[in-house]
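User: I would like to learn how to read a structure that is new to me. Please take the features one at a time.

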Amino acid sequence: MPFANFKVPAGSLDEKQKETIVTRTTELYVEIYGERARANTMVLVEEVIDGGWGIGGDVLTLAMLQQPIED
């Protein structure tokens, strides 16, 4: 069974965006494995609480992730 697990900051995606992740990921597996994969593909979108993850030793928050990237 194909399985994909997406971890995203809580509150960063609306229901339509989550649906898009599920649909497009399923379509990708179908493209790779064929139509037989559709019925068995599981996609999990997990929301991680604010401050519940980090990169490079720094805890990230939703506010930090929403800041514009500086050049």
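Analyst: The turns below go from the overall fold to a pair of rings. Keep in mind that this is a predicted model.

User: Which secondary structure elements does the protein chain have, and in what order do they run?

Analyst: Count the helices and strands, then follow them from the N terminus. Here the protein chain has two helices and four strands, in the order β-α-β-β-β-α.

User: Is the protein chain spread out or a compact globule?

Analyst: Compare the radius of gyration with the globule rule. For 71 residues the rule gives 11 Å, and the protein chain has 15 Å, well over that value, so the chain is more spread out than a compact globule. Its C-alpha atoms fill a box of roughly 40 × 25 × 20 Å along the principal axes. Buried residues account for 21% of the 71 residues.

User: How many aromatic pairs does the structure hold, and is the pairing stacked or edge-to-face?

Analyst: Look at the angle between the ring planes; under 30 degrees counts as stacked. The structure holds one aromatic pair. The ring centres of Tyr-29 and Tyr-33 are 6.1 Å apart and their planes lie at 20 degrees, so this pair is stacked.

User: Where do Tyr-29 and Tyr-33 lie?

Analyst: Both belong to helix α1 (residues 15–33), and they are four residues apart, about one turn of the helix.

User: Which of the two is buried, and which is partly exposed?

Analyst: Read the relative accessible area; under 20% means buried. Tyr-29 has 18% and is buried, whereas Tyr-33 has 42% and is partly exposed.

Note on methods: Residues numbered from 1 in each chain as written. Predicted model: local features only at pLDDT ≥ 70, side-chain atom pairs only at ≥ 80, totals over all residues. Heavy atoms only, no water. Phe/Tyr/Trp six-rings, centres within 6.5 Å; stacked < 30°, edge-to-face > 60°. Buried < 20%, exposed > 50% of the residue type's maximum accessible area, 1.4 Å probe, protein only. Rg over C-alpha atoms; globule rule 2.2 N^0.38 Å.
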